[in-house]
Every structure is written in C-alpha cells, then in structure tokens.
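Biologist: Before we discuss this entry, I would like you to justify the terms you use, setting each value against its cut-off.

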Amino acid sequence: MHVAADMAKVSSNPRFSERVSQLLSNMHLHEKIGQLCQVSGCEGHVSEHLAQQVRDGWVGSVINEVDGPTVNYLQHIAKQESRLGIPLLIGRDVIHGFKTIFPIPLGQAASWNAELVEQAARIAALEANSVGVNWTFAPMIDISRDPRWGRIAESLGEDPYLCSILGAAMVDGFQGTDMSESGQIAACAKHFAGYGATESGRDYGTTNIPENELRNIYLPPFKMASDSGAATFMSSFSDLNGVPASGNRWLMKKILREEWGFKGFVVSDWESIYQLEIHGLTENSRDSAQKAFNAGLDMEMVSTTYREHLEELLETKQVDIAQVDHSVGLILSVKEQLGLFDKDCQSPDTADAFYQQESLDVAKQIATQSCVLLKNHNQTLPINAQETQHIALIGPLADDGFEQLGTWIFDGEPQHSVTIRSALESACPSSVNITYDRAMATTRSYTTDLYAQALASANQADVIVMCVGEEAILSGEAHCRADIDLPGSQMELIEKMAELGKPIVLVVLAGRPLTLEPIIEKVDSVLYAWHPGTMAGPAIADLLLGEAVPSGKLPVTFPRKVGQIPLYYNQKNSGKPATNDQYIHMNDIPPRSPQTSLGMAAIHLDTHFSPLFEFGFGLSYSQFTYSQLTLSQHHINRSETLEVAVTVHNTGDWDADEVVQLYIRDLVASATRPVKELKQFSRVHVKRGEHKKVIFSLNINDLSFYNDEMQWAAESGHFHVWVGGSSATTLQQGFELIDG
Ligand code: NOJ
C-alpha cells in the first residue's frame with residue numbers, strides 16, 4: 001500500500017536531502033515500516049528468512065552480525081536485490097574496543113584524557129568498520145552514583161562535566177568529522193535517560209529523578225552528545241518517574257527534539273518497546289507500538305511491535321503518516337551520512353585493521369593513564385628492579401588474559417591479551433626471580449588449598465604483588481552486586497599475606513569501585529587498574545617498575561561501606577551538613593545518652609561520613625603542590641570571562657602528569673546547588689622540580705544551571721572556586737557574578 005498523505009510536508013522538509021526525499025516519495029508503506037525495524041543477525045550465516053525480509057524491504061538494520069562476508073552478503077541483498085536498494089545499518093555493541101580492547105569506559109574516564117579516549121574510539125570504529133559494522137551502541141553516558149550497579153563499568157562515572165567531555169570525545173572518535181569516510185561509524189548516546197539511577201543499583205530497576213536533578217545531573221552528557229552530532233540515541237529500559245523511557249514523550253520529544261534540536265534518530269533498547277506492556281504502561285503490544293512511536297522512538301530494536309501494528313495504527317489514525325515519514329527520513333539520512341548508498345559497505349581486508357601497532361600503543365597508553373594509585377606507603381612503588389631479587393606475583397588476575405578485558409567485549413580475543421605476568425617477566429632483568437601463584441581458581445573461590453604454596457613463595461620474596469579484584473562477569477549489564485567487597489576469600493588471602501610482614505602491592509582489576517576499607521591498612525600500595533583491556537600487562541608492568549608514573553584520577557567516589565551508597569562528591573549541603581566536630585561513632589556513645597547527644601548532622605553512626613577515596617583523587621610517584629590561585633577579577637558581569645590561574649609545582653622526584661581540576665560552588669540559588677561542581681580540568685606534564693601555571697576561563701555558561709523554574713540561567717551572587725588535585729581541594733577563592 002502506498003500512502004501519499006502528508007507527503008508534501010515531508011518532501012519539502014529542508015532537513016532531508018534530495019535523495020532521501022526522493023526515496024520517501026517512492027516508498028511503499030511496508031518499506032517505510034521496514035526502515036523502522038532492527039532485526040537480529042544469525043551470527044555468521046544468513047537464513048533464507050532473513051534474506052527474504054531484507055529483499056522485501058522489511059529490515060532497516062541488523063544487529064549483531066560481525067562476520068565480514070555475511071555482512072557483505074546482507075548489504076548485497078539490500079542494495080542489489082531489494083526494490084529500492086536501501087543499505088542496512090549494521091549495529092554492534094563496540095563499547096571499549098572491537099578487537100583491540102581498551103580499558104572499560106570507567107577506566108578510560110579515570111585517564112581524564114579526552115584525546116586518548118577519542119583515539120580509542122577511532123580505533124574501535126576502524127576495526128569494527130572493517131567487517132562492515134557501521135553503527136555502535138556507544139557511548140554509554142549514564143551518570144552512575146552507585147557502584148553496586150554492574151553497568152557502572154560501562155559508564156564514564158559520576159560527574160556530568162567529565163562524562164560530557166569524554167562522551168563527546170567518543171562521539172568524535174567513532175564518527176570523525178565525516179561519517180562517510182572509511183573507518184568511521186555512527187555513534188549512539190545511551191541510555192536516554194536516567195538509567196544509572198536505578199533503585200539499589202539493580203539493573204533495569206525503577207528510577208525516580210526529580211526534574212531539576214535530571215536536568216542538572218543526568219541530562220547534560222546527552223545534551224553534549226546531541227550538540228556534538230551523535231547520529232543516534234538509545235532509549236533506556238528503565239521506568240523514569242512513572243513513564244518508562246521508551247514510551248516517554250516528554251523525554252524524546254520535548255527535551256530531545258524541541259529543546260535540544262536533536263537531528264539524528266532514536267532507537268529503542270533491546271525489546272524495550274515490547275516491555276512497555278510488562279512495565280504496566282500499555283495493555284498489549286499494539287498499545288506499546290503506539291505509545292513508543294508517538295513518544296518519538298524511531299527504530300525498534302529486535303521486538304516487532306512496529307512491524308506488526310504500525311500499519312493498522314495508521315489506518316485508525318492513531319499514528320500519523322507524517323511522523324512515520326519523518327522517522328524514516330531521519331534513518332535514511334544517517335545511512336546517507338555514513339555514505340552507505342554510495343560506497344562499498346565493507347572494506348574487505350580486516351588483517352590491516354586489527355591489532356595495528358599504533359592501536360596497541362594507544363591501548364597501552366590509555367591503560368597506563370587509567371590506573372589510579374590509591375595508596376603508596378613508604379614509596380613501596382615503584383619496584384626497583386635492579387635492587388630486587390624476588391617478586392612474588394600472586395592472585396587470580398595476574399595471568400588471565402580473559403578477565404583483564406572486562407565486560408562488553410563481544411569481539412575481544414583473550415589470546416591477544418598481554419597479561420601482567422608475561423609483561424612483568426619480559427620487563428624485569430633476568431636477575432629478578434618472579435614466582436607466580438594464582439592462589440585461587442577465580443576471584444569468587446573460597447577454597448584455600450592453594451594458599452600454602454602461595455604463602456611459601458611470598459615468604460621468600462622481597463615484595464609481594466597481588467592481582468586481585470573481580471572477574472569480568474561480575475560487572476556489566478545485569479551483573480549487579482549488593483556487597484561490593486572483594487569477592488570470594490580474597491580478603492582472607494590478603495590478610496594471610498600481610499602476616500608475613502613483607503611489602504605488599506595490591507593491583508586491583510575490577511569493573512566498579514570496591515569497598516577496600518577492610519584491607520587497605522593491611523597493604524602498602526594499591527594500584528586500581530579497573531579492567532584495562534588487551535594491553536593491561538605492559539601498562540601495569542611499566543607502572544610497577546617506574547617506567548611510567550601513575551596519573552589516573554577517580555571518576556567516581558569510593559565508599560567505605562556499601563551502606564553509604566549513593567555517595568558522590570557533588571552532593572547538596574543539606575540543612576545539617578556533617579562536620580568532623582559533630583561526628584561520633586556509635587561505639588563511642590555512652591550508654592543511655594540523651595536523644596540529642598549527637599551533633600544532629602547528616603551522618604551514619606557506624607561509619608565516617610567521608611568516602612574512602614574521593615572523586616578526582618589519585619596519587620603520583622611524584623608530589624604536586626598548588627599555590628597562587630588568582631582570579632582576573634572578583635566581580636564579573638554576565639558578558640565577562642573570569643580567568644582562574646594556579647601554579648602547579650612538581651616537588652617530587654619524577655617527571656609526571658597531573659590532572660588539575662577546577663570546581664565551583666554557587667553559594668545561594670533559587671534551587672540549592674552542589675557543594676562542589678567540576679567545571680574544567682587539564683592534564684599537564686610537569687618536570688620534577690619545575691612548576692607550571694595553568695589558566696582556566698569561566699564564562700556565564702559555566703555558572704548556569706536549571707533553576708527552580710527549570711530555566712537554564714546563571715543567578716547573580718557569590719561563588720567559590722577551587723583548584724587542586726582532587727575534589728577535596730581546599731585551595732579556594734571567591735567571586736561575585738553581578739548583573740549587567
Ligand atoms: C541491551 C543494552 O542495554 C544496550 O546497552 C545494548 O546496546 C543493547 N542491549 C544491544 O546489545
């Protein structure tokens with residue numbers, strides 16, 4: 001059936017090119033609906049059913065087909081054997097690398113290095129595109145304040161600004177400046193929106209986020225992705241304030257299209273339209289299709305409610321053909337921007353794309369910069385290989401090429417991983433005896449049979465390096481934990497090692513912040529490496545041996561205890577903020593104390609209110625001090641720029657990088673503001689003994705927020721500004737924003 005209604009409106013739409021408008025006017029209705037449907041691939045072969053669907057124009061996109069020749073064949077059918085020759089979008093979760101695996105996104109965020117993050121995405125795109133993938137479902141830019149949530153691994157952390165900058169860098173890396181160039185693919189900003197606020201950190205759970213919080217904390221990375229030209233967005237699985245995101249018109253139409261002017265298209269998450277019925281938002285799949293489509297969801301991933309019901313919904317006028325044309329036009333436009341109509345969809349030679357030396361170098365560099373040194377008692381690190389005779393390398397993650405890759409590595413190949421053990425063995429001179437004991441089968445094991453052997457080796461060593469943490473499967477989608485201590489009997493192993501009285505270096509590989517409080521005092525040094533990817537070994541070996549200096553900073557707060565969650569640096573002050581003066585532990589409260597014996601402040605009785613490690617924290621082998629924080633002026637008007645200068649001294653013995661962070665606080669506002677907000681940062685290299693002046697510029701936009709009326713505005717009044725090496729910095733100045 002050819003539906004011509006409203007066609008004039010569509011073809012005159014200046015947003016669509018001549019080609020797209022032409023196609024739209026020639027398409028049969030089912031071909032239009034077909035463009036809105038994404039189907040699952042058959043992993044390495046094309047079933048006759050799928051081939052026929054593509055031939056008949058019922059498929060706009062295929063997800064999860066990465067076999068080059070198979071993708072080629074599918075594109076051949078779409079372009080040569082279907083009536084209109086419309087190519088397919090081939091979608092894949094290329095989250096932190098395709099073949100060359102980079103650190104998990106949370107690890108990449110710890111590098112605070114947008115340039116490297118962009119390069120990693122560019123390499124991932126190049127590798128994926130070589131088999132015909134032209135669309136990735138990344139970046140994931142959900143703000144995550146809950147380390148119980150398995151998908152925190154896939155996120156860029158808790159801060160809206162850091163997440164915005166790095167998310168945009170990923171978009172740039174995937175898409176380049178021209179998506180039609182070979183090696184570039186379309187990005188997908190996900191999961192729109194609020195997914196990371198899932199109750200108790202259980203995946204797919206409900207989220208309730210007040211609009212002000214949503215706009216100020218959760219939405220900025222998405223706004224930035226839209227402004228950066230992300231070709232697509234993905235709607236979230238989750239229920240947002242009672243309206244599941246995949247049926248949420250306010251989100252997808254009002255915010256995304258009307259307020260932000262987003263130009264790409266929105267895809268659902270896997271069957272998330274069908275799931276609207278399970279949420280209890282709709283009665284049946286016909287309702288779900290209507291709700292989602294009218295809410296602004298353009299393409300359906302895997303479930304088939306559009307395919308089954310859109311035609312009838314058009315007939316009954318519950319859906320408007322102009323809207324269908326609009327969605328199809330958006331999808332065709334992305335295909336056009338990718339150059340799919342004009343070029344061969346696959347460059348045939350994958351051998352040149354995978355594991356190029358430059359890619360491995362970038363993987364090593366970003367893994368190096370993502371490691372965060374949390375503790376370094378007595379400068380146990382770096383290990384001086386010339387003066388060390390025996391290193392006891394212990395633990396289930398020291399020599400495991402699979403686990404170091406982390407979650408979401410559908411196409412990763414552990415046989416290409418360089419493990420910590422192998423890298424350390426090659427990096428150390430032959431005079432160093434490196435013994436290796438896995439000690440536990442997995443990080444979750446409770447059997448202690450292998451402990452005796454590991455302890456015996458450790459007892460002979462000059463230094464013990466323990467590689468502990470979480471296996472890859474313990475984080476990622478649907479892999480949430482209620483207890484985020486080191487799993488299995490790893491704590492017991494650490495305690496036993498500590499009894500030997502030898503220096504202990506803990507290298508932690510994990511997909512989330514773990515609660516390290518129970519063991520932190522038992523070890524000398526802690527290097528937090530996340531899941532570092534293919535080049536984990538060379539990166540960590542360099543850091544352990546002082547060939548590289550740690551420079552990562554935490555993109556997320558580390559709680560002391562799970563009960564503190566959610567715990568994040570940009571919290572509100574409250575009317576009764578916690579202070580050290582008022583803090584008392586319950587064990588110190590005398591029996592039968594009166595009700596008001598405590599400071600009546602926002603504290604827990606059984607743990608200090610501070611985090612174990614704050615957002616932005618990370619040590620170096622060198623030391624940095626900050627001084628001379630100066631402002632260009634102490635009063636600025638709305639059109640002026642405030643220059644904030646600081647001097648960073650490297651007072652230690654190593655040439656090193658430091659991530660200089662600038663925070664502000666708006667002291668009084670119509671809607672309360674966080675006690676600190678990251679506004680800018682800069683990674684600088686300072687030679688030992690030298691100093692560098694770092695200058696930041698703040699403008700009205702940096703001082704603006706969504707106020708009590710949900711308007712984006714800066715309110716005149718007093719601000720504090722801090723600069724330092726973490727969110728706990730106390731180097732502060734003040735200024736006033738004045739009207740005029
Ligand atoms: C479900 C996940 O939530 C989403 O992030 C992913 O891109 C899709 N599945 C496709 O695999």
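Biologist: What makes the pair formed by the ligand and the side chain of H191 a polar contact?

Modeller: In this predicted model, an oxygen atom of the ligand lies 2.6 Å from an N or O atom in the side chain of H191, and because a polar contact is a pair of N or O atoms within 3.5 Å, the pair qualifies. The side chains of K190, at 2.8 Å, and D93, at 2.4 Å, each place an N or O atom by a ligand oxygen in a way that meets that cut-off too. The ligand taken alone exposes 300 Å², of which the protein buries 95%.

Biologist: Which classes of residue make up the shell around the ligand?

Modeller: The shell has 7 nonpolar, 1 polar and 5 charged residues; of these 13 residues, D93, R151, K190, H191 and D269 come nearest.

Biologist: How do you know that the span of helix α8 agrees with what is expected?

Modeller: Helix α8 covers residues 160-175, and at 1.5 Å a residue its 16 residues should span 22 Å, which agrees with the 22 Å between its end C-alpha atoms.

Biologist: Why is α8 called largely enclosed by the rest of the structure?

Modeller: Buried means under 20% relative accessible area, and 13 of the 16 residues of α8 are buried, so the helix is described in that way.

Biologist: What makes D159 a cap of α8?

Modeller: A side-chain oxygen of D159 lies 3.0 Å from the backbone nitrogen of Y161, at the N-terminal end of the helix, and this distance is within 3.5 Å, the cut-off for a polar contact. After α8 comes G176, with a positive phi near 65 degrees.

Technical notes: Residues numbered from 1 in each chain as written. Predicted model: local features only at pLDDT ≥ 70, side-chain atom pairs only at ≥ 80, totals over all residues. Heavy atoms only, no water. Near = heavy atom within 4 Å. Polar contact = N/O pair within 3.5 Å; in protein donor to acceptor, adjacent residues only side chain to side chain. Areas by Shrake-Rupley, 256 points an atom, 1.4 Å probe, with all protein chains shown as cover. Nonpolar A, V, L, I, M, F, W, Y, C, P; charged D, E, K, R; others polar. Helix = DSSP H or I, 4+ residues; strand = E, 2+ residues; numbered from the N terminus. Expected span 1.5 Å × (residues − 1). Buried < 20%, exposed > 50% of the residue type's maximum accessible area, 1.4 Å probe, protein only.
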